[in-house]
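Let's look at how labels get attached to parts of a protein. Each answer sets a value against a cut-off.

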Amino acid sequence: MALDIQNRMLCNCLRFSFLPRRIIFTTLCAVVLLIHYNFFICENIPPRIQEGYGSERTRSYPPGDMGVPVLFNKTNPTIAAAVKGSLHRYGLNEYASDLVSVRRRLPDLRDPWCREPNRLLPVLPATSVVIVFHNEAWSVLVRSVHSVLDRTPAHLLHEIILVDDCSHFPYLKTQLDEYFQAYPKVKIHRLKERLGLIRARMIGAKSASSDFLTFLDAHVECTKGWLEPLLDLVARNSTTIALPTIDRIDEIDLHFKTNVTLLLAGSFEWDLNFGWCERKMLHQRYAHPSEPFDTPAMAGGLFTIHRAFFERLGWYDEGMKIYGMENIELSLKGWMCGGRLLTVPCSRVGHIQKSAHPYLYNISMDVALYNSVRLAEVWMDEYHQVVLDVNGVRRYTEDLFGPIGERKRARVRAKCKPFRYYLERAFPELKPPAIMSLNS
C-alpha cells in the first residue's frame with residue numbers, strides 16, 4: 001500500500017515538474033524519489049545486505065568485491081535451506097554466488113617481479129580456451145567466462161569453446177545461448193549424450209582452431225595478467241605444459257584464499273590421488289619465488305599446451321571414465337615423452353574447490369579406481385603393481401578395466417621414456433614404498 005501511494009506521488013511529481021514552478025516541484029520530486037528509493041532498497045535487497053546496510057563497506061561496494069567474503073545471514077532458515085540445497089546440487093553456495101557480480105573486481109595478485117619490462121616475449125600467440133560444464137550454477141559459469149573475456153587481451157583470445165556435457169538444467173540451454181550471442185568469441189558446443197569431463201575436453205580441444213590450447217574449469221575466476229605468462233612459456237618451447245597458480249575460492253562465501261598458494265606444488269602419493277606439497281620439499285631451487293618452477297603433477301583442468309604436443313601424447317585416454325586421474329596421466333606422459341610441467345606464479349587463477357562432485361552422484365562405479373588401474377598399466381612399468389596393491393586390486397584384467405593396447409601403442413609412437421625416468425627427473429621425492437619382510 002505504501003509503495004503504491006509513493007508510486008502515485010512519483011507520477012504526480014513528474015507531471016507537475018513541467019509547470020512554471022518547476023524548481024519547487026523538482027525539489028519535491030527529489031525528496032519523493034529518495035524516499036521511494038530507500039523504501040525499495042530496504043524491502044528488496046537480500047538479507048545479507050540488510051544486516052550491514054548503512055555501513056561504509058556495504059554501502060560503497062557490492063558483495064564479494066575485490067575477492068572479499070560474501071556476508072549473509074546464516075541463521076535465517078530460508079537462506080540456510082537455500083545454501084544447503086545448492087551445496088548438494090552444485091557443491092558450492094549458489095546463494096552467495098548470485099549476490100556477486102558476474103564481472104566482479106579482483107585484485108592484481110602478481111608480484112612486481114612479474115611486471116618488469118622484457119619479462120615476456122614481445123609477440124605472443126592467440127589461444128583457444130576450452131571450458132567443459134555439466135549442470136553448473138548459472139552465475140558461476142557466466143562469471144568464469146566473463147573473467148576470461150575481461151582479463152585477456154583481445155588479440156590473445158582466439159575463441160572460448162564452452163562444451164556442454166549434456167546438462168539438463170533449462171537455464172543452460174536457450175538462456176545461455178541468448179546471453180552469449182553478444183560475445184562472438186564464445187562458442188557453445190553441445191553434446192547429445194553424457195561423455196564425462198575427460199572425453200568432453202578432448203572434443204573441445206579437437207574442435208579448437210588455434211595451435212595453442214588453454215583449459216579451464218567452469219568455476220574459476222581469472223585475474224589480471226593470467227594468460228600472458230602461460231602463453232610465453234609454451235611459445236618458447238612447444239613441449240612445455242604451463243600451469244597457472246591456483247588460488248582457492250571458498251565454496252561457501254566466495255572469498256579468495258591467496259596466502260599459501262605460492263608455497264605449494266602439485267604432487268601425489270602411490271594411490272595416485274592428487275595433493276599439494278610444499279615447494280621447499282622439492283629438489284629444485286630458483287633465484288626468485290615468482291619464476292616458473294618444475295612441478296611433478298597438475299591439479300587437473302587448468303593448463304596451456306601446444307596442440308601438436310597434446311596430439312603427440314595421444315590426447316587423453318578415451319577409455320577412462322567421466323573424471324579423475326586424467327591429470328596424473330597427462331603429468332606423467334608430459335614428463336616422460338619429452339616435455340615438462342611448469343607452474344607459473346605470475347599467472348593467478350581462482351578456482352572453487354567444490355565440497356562435493358554432483359556430476360558423479362548417478363555413477364555407480366568407482367571411476368577413480370578404474371582410471372587409476374588403466375593409468376598404472378600403461379605408464380608405470382614395474383611400479384604398476386604398487387598402485388594395484390594400494391587400491392586392493394589383485395591384477396589388471398581387460399573385462400574389468402577395458403582394453404589398453406592402443407594406449408600402449410600411443411606411448412611407443414610418442415617415444416616416451418620409462419617411468420623410472422619420471423621418478424628420477426621430475427619427482428625423486430616420491431619414494432618407492434618399503435616392502436616389509438615377514439620376518440621383520
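Q: Which residues of α12 are buried?
A: This is a predicted model. In α12, the buried residues are E326, N327, I328, E329, L330, S331, L332, K333, G334, W335 and M336.

Q: What makes helix α12 largely enclosed by the rest of the structure?
A: Eleven of its eleven residues, 326-336, are buried, so the helix is largely enclosed.

Q: Why is C337 called buried?
A: Buried means under 20% relative accessible area. C337 has 2% relative accessibility, so C337 counts as buried.

Q: Why is C166 called partly exposed, while C277 is called buried?
A: Partly exposed lies between under 20% and over 50%. C166 has a relative accessible area of 27%, so C166 is partly exposed. C277 has 17%, so C277 is buried.

Q: How do you know that C114 and C346 form a disulfide?
A: The cut-off is cysteine sulfur atoms within 2.5 Å. The S to S distance of C114 and C346 is 2.0 Å, so the pair is a disulfide. C114 sits in the loop between α6 and β1, and C346 sits in strand β12, 232 residues apart. Both cysteines are buried.

Q: What makes C337 and C416 a disulfide?
A: Their sulfur atoms are 1.9 Å apart, and the cut-off is within 2.5 Å, so they count as a disulfide. C337 lies in the loop between α12 and β12, and C416 in the loop between α16 and α17, so the pair ties together parts 79 residues apart in sequence. C416 is buried too, with a relative accessible area of 16%.

Technical notes
Residues numbered from 1 in each chain as written. Predicted model: local features only at pLDDT ≥ 70, side-chain atom pairs only at ≥ 80, totals over all residues. Heavy atoms only, no water. Buried < 20%, exposed > 50% of the residue type's maximum accessible area, 1.4 Å probe, protein only. Helix = DSSP H or I, 4+ residues; strand = E, 2+ residues; numbered from the N terminus.
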